[in-house]
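Please open the model in your viewer and keep the selection panel at hand. The tour below goes from one selection to the next and says what is found at each stop.

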Amino acid sequence: MSTSLSRKHFLGLAGASLTAAALAACGGPSTDPGGSSAKTLSQDWSKIKPASSISFMSSHPGKSRDTEQKLIEAFQSANPDIKLNLITGGSNYEEVAQKFQTSQAGSEVPDVVVASDVWWFRYAVSGAILPIDDLLKAVKVSSADYKPGLIGDYEYSDQLWAVPYARSTPLFYFNKDHFKAAGVPENPPKTWEEFAEWAPKIKAANASSSGYQNAYQYPAIAGYAGWTLQNVLWGQGGGWSKEWDITADSNQSVAAMQWVQDSIVKNGWAGVSSKNAITDLQAGAVSSTISSSADLAATMRAAKEANMRIGVGFLPGGSASASQVCPTGGSGLVIASKTSPERQLAAAKFVTFMTNAQSTSTLSAATGYLPVAESADISAIVAQTPEFQIVVDQLKVTRTQDFARTFLPGGDQELAKAATRIMNEKADVQATLTELKGTLEAIYNKDVKPKLKA
């Protein structure tokens with residue numbers, strides 16, 4: 001897979017920026033910095049003194065505000081000359097992106113920003129953030145200190161643009177008691193085909209007395225349907241794209257999404273959450289779902305309090321592929337380009353502190369996010385939450401996300417629109433995916449292809 005190679009085929013973008021219209025294509029806020037561009041001149045960081053005050057804009061992923069605050073206090077204790085101001089940028093990554101965009105029009109921007117897997121690339125292309133290779137060297141941190149499968153996601157145009165922070169994978173969560181009542185194995189299915197055999201039994205078992213509704217609950221479509229549905233597509237040999245080739249309407253992709261629609265409409269054992277599928281599971285209303293590993297700690301605590309047996313497992317595979325069907329996801333930390341070198345150096349000290357072995361272990365224990373540092377000791381986390389070992393083990397068989405979701409401006413929103421039509425509106429699958437392909441190719445041809453080298 002030539003993810004990093006393909007990124008290197010882009011024109012060097014230090015100093016380049018896309019227009020607001022291009023970055024806002026097909027929905028989502030722009031990150032155009034109003035004509036400013038990333039700094040291209042080499043900076044002698046040894047002559048720079050870190051600023052005395054910087055800001056950090058976050059959505060507190062995984063309900064981590066208290067944990068972030070504790071880590072900030074630890075950073076300030078270790079760096080008493082730097083004051084850190086924590087800014088709540090919104091309740092999700094998109095709201096943070098909107099506020100970061102709004103800040104570009106003024107003279108003050110947040111120094112460090114939480115950037116999701118579908119936003120950091122737009123920031124890099126627009127010049128809103130700074131490549132951080134030299135900054136890492138300045139604070140004596142190596143990119144080799146991070147897990148290769150996570151730090152490599154931020155390599156683009158031969159530069160590094162972020163460090164991994166709140167990184168996650170989806171997990172299969174299920175109610176063991178519901179599975180037991182149905183007489184099916186109390187373990188996650190190996191494939192979706194296997195689960196389809198279990199599902200009618202799970203839904204039927206004691207449904208009237210227990211009150212639970214669906215054997216499986218698809219995550220709310222607004223909550224990253226394009227992310228989780230990659231699992232089903234890959235298992236069937238399909239996908240949203242293969243590098244820059246849009247494959248959303250391939251025979252395999254159509255078959256996979258037809259299976260999804262049938263599980264809801266024709267077979268009736270699945271539903272779509274209106275808000276939060278993991279909350280539906282915690283309430284005992286559904287029997288299984290897919291949700292982020294960031295929900296792991298809270299889910300297991302809720303299950304214990306409710307005397308409920310919740311199991312966790314790898315994502316199921318499919319008839320074409322039983323492995324390498326799990327995408328990585330989550331967010332990294334980026335440094336704004338529209339600030340002073342003094343603030344950028346202080347920001348580098350902060351982002352590397354927030355992602356070092358001890359800090360990432362603290363965040364992982366509180367949430368379920370992956371430990372991003374190579375040297376992180378997870379033994380205490382596993383002792384507290386044994387299921388966390390599954391998160392770490394699944395990371396070894398993850399797969400890089402489809403370009404259509406992560407690199408096409410507005411692509412993720414288009415995937416969600418198509419999923420809504422297929423899953424909630426019973427639209428024709430082939431026609432919907434054919435239309436989706438056309439939309440994604442138009443985005444590529446307008447906003448991406450012109451930036452590619454011949």
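**A loop residue to begin with**

Select Asn276, which counts as partly exposed because its relative accessibility is 34%, a value that falls between the limits of 20% for buried and 50% for exposed. The model in front of you is a predicted one, and this applies to each stop that follows. Asn276 sits in the loop that runs between strand 11 (270-272) and helix 13 (277-282). If you now add Ala222 to the selection, you will have two residues that are 54 residues apart along the chain, with a separation of 9.8 Å between their C-alpha atoms.

**The whole protein**

Zoom out to the full chain, in which 21 helices and 16 strands are assigned. Of its 454 residues, 57% count as buried, and the accessible surface of the protein amounts to about 17900 Å², with 50% of it belonging to carbon and sulfur atoms. Among the contacts with a separation of 6 or more, 76% are made by residues 24 or more positions apart.

**Helix 11 against helix 20**

Next, select residues 225-235 and 411-423, which are helix 11 and helix 20, and which pack with their axes 8 Å apart at an angle of about 65°. Helix 11 is therefore roughly perpendicular to helix 20. To see the contact itself, show the side chains of Ala225, Gly226 and Leu229 in helix 11, which meet Asp412, Leu415, Ala419 and Met423 in helix 20. By class, this contact has five nonpolar residues, one polar and one charged.

**Helix 20 against helix 21**

Keep helix 20 selected and add helix 21, residues 429-448, whose axis comes within 10 Å of that of helix 20 and crosses it at roughly 170°. The two helices, 20 and 21, are therefore roughly antiparallel to each other. On the side of helix 20, the contact is made by Gly411, Glu414, Leu415, Ala418, Arg421 and Ile422, while helix 21 brings residues including Val429, Leu433, Leu436, Leu440 and Ile443. The contact of helix 20 with helix 21 has eight nonpolar, three polar and three charged residues.

**One face of helix 18**

Finally, select residues 388-395, which form helix 18, and colour Phe388, Val391, Val392, Gln394 and Leu395, which are buried. Which part of helix 18 do its buried residues line? Turn the view until you look down the axis of helix 18: the buried residues fall within an arc of 165°, so they line one face of the helix.

Key. Residues are numbered from 1 along each chain as its sequence is written. This is a predicted model: local features need pLDDT of at least 70, side-chain atom pairs count only at pLDDT 80 or more; totals for chains, interfaces and linings use all residues. Side-chain values use heavy atoms; hydrogens and water are left out. Helices (H or I, at least four residues) and strands (E, at least two) are DSSP runs, numbered from the N terminus. Buried means under 20% relative accessible area, exposed over 50%, partly exposed in between (1.4 Å probe, protein chains only). Contact means heavy atoms within 4.5 Å. Accessible areas come from the Shrake-Rupley method with a 1.4 Å probe; for residues, only the protein chains shown count as cover. Axes are lines fitted to C-alpha atoms, for helices over the stretch in contact, and angles run from 0 to 180 degrees between N-to-C directions. Angles under 35 degrees count as roughly parallel, over 145 as roughly antiparallel, 65 to 115 as roughly perpendicular and the rest as oblique. Ala, Val, Leu, Ile, Met, Phe, Trp, Tyr, Cys and Pro count as nonpolar, Asp, Glu, Lys and Arg as charged, and the others, Gly among them, as polar. The arc is that of the directions from the helix axis to the C-beta atoms.
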